[in-house]
Amino acid sequence: MRTDLSDDDRASYSQSVFTDFLSSDSVSDAVSAARELVIPGFGPVLVEIGINRAYDTPQAAEQAKICGLIVELVANKVVTVDDVLSTTETQAKSLDDTMLDVPAAPKILGYIIGGALAKGLLQAAVLGALASPDAIEGAEARRGLLAAALNQVKAAHGEQAMVEAVAGLDIAALMAKDEEFEGHLESTEDFLSSSGLAALIL
């Protein structure tokens, strides 16, 4: 842990953690570099820097890699699950607006939460709270986050395990649209089918 850095330097070096990782693909090097930078209270900042770095790249593959690294930082105890949740919850509150400039924003947050779910670092109830209509007003943003997260679990453990993992969630309610203002969106059933999540249709 480096204690000789100014706040600006620590943030700048944190940017480099993610940029260098995209070039090297070395999780161990990125984890080691991040561990040097994290001091008490800095975990959420590091996560936010990573999310913003993912927002800044238009490449889906790079977005997924950065999100994967954030999950690895939790798995390696560089940052905590609470660091990730506090940051993603803050980001989720403005997700309807953010996705106007960054259409992939819901998917990016979903990659992180889904990756943590797949590794057993958090429970599905957290996903339900994060993507509830009370937390995210727009159905398009909610659906994008949920689909990305659920497909992470499906990719890691298979379809049946994904279905079992979210058995306690009301998927229909989480993905429900406002017919008056969002009538242009496809039905929940059609969305689930087109997103590879047909197994969740009741």
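Here are some questions and answers on a predicted model of a protein chain.

Q: How many helices and how many strands does the secondary structure of the protein chain come to?
A: Read along the sequence, the pattern is α-α-α-α-α-α-α-α-α-α-α-α. The tally for the protein chain is therefore 12 helices and zero strands.

Q: What is the radius of gyration of the protein chain, set against the globule rule for 202 residues?
A: The C-alpha trace spans about 55 × 35 × 30 Å along its principal axes. For 202 residues the globule rule gives 17 Å, and the chain comes out close to that, so it's as compact as a globular protein of that length. The radius of gyration is 17 Å.

Q: Is helix H7 largely enclosed or not, and how many of its residues are buried?
A: H7 covers residues 105-118 and reaches 20 Å from its first C-alpha to its last, close to the 20 Å expected at 1.5 Å a residue. Buried means under 20% relative accessible area. H7 is largely enclosed by the rest of the structure, because the number of its 14 residues that are buried is 13.

Q: Which residue with a positive phi follows H7?
A: Look just past the end of the helix, which spans residues 105-118. The phi there is near 70°, and the residue is Gly-120.

Q: Is Thr-87 buried or exposed?
A: Thr-87 sits in helix H5 (residues 81-93). Leaving out residues up to four places away in sequence, Thr-87 touches Pro-44, Val-47, Glu-48 and Ile-51. Its relative accessibility is 7%, and the cut-off is under 20%, so Thr-87 counts as buried.

Q: Which residue's backbone oxygen lies 3.3 Å from a polar atom of the Thr-87 side chain?
A: Among the residues Thr-87 touches are Val-47 and Ile-51. The backbone oxygen in question, though, belongs to Pro-44.

Q: How many residues apart in sequence are the parts that Asp-25 and Lys-65 tie together?
A: The two side chains meet in a salt bridge, at 2.3 Å from N to O. Asp-25 lies in the loop between helix H1 (7-24) and helix H2 (27-37), while Lys-65 is in helix H4 (residues 60-75), so the pair ties together parts whose separation in residues is 40.

Q: Which residue of helix H4 does Lys-119 pair with in a salt bridge?
A: Lys-119 is partly exposed, with a relative accessible area of 44%. The closest N and O atoms of the salt bridge are 3.3 Å apart, and the partner is Glu-72. Lys-119 lies in the loop between H7 and helix H8 (124-130), so the pair ties together parts 47 residues apart in sequence, with the helix H4 end at Glu-72.

How values were computed
Residues numbered from 1 in each chain as written. Predicted model: local features only at pLDDT ≥ 70, side-chain atom pairs only at ≥ 80, totals over all residues. Heavy atoms only, no water. Helix = DSSP H or I, 4+ residues; strand = E, 2+ residues; numbered from the N terminus. Expected span 1.5 Å × (residues − 1). Buried < 20%, exposed > 50% of the residue type's maximum accessible area, 1.4 Å probe, protein only. Polar contact = N/O pair within 3.5 Å; in protein donor to acceptor, adjacent residues only side chain to side chain. Contact = heavy atoms within 4.5 Å. Rg over C-alpha atoms; globule rule 2.2 N^0.38 Å. Salt bridge = Lys/Arg side-chain N within 4 Å of Asp/Glu carboxyl O.
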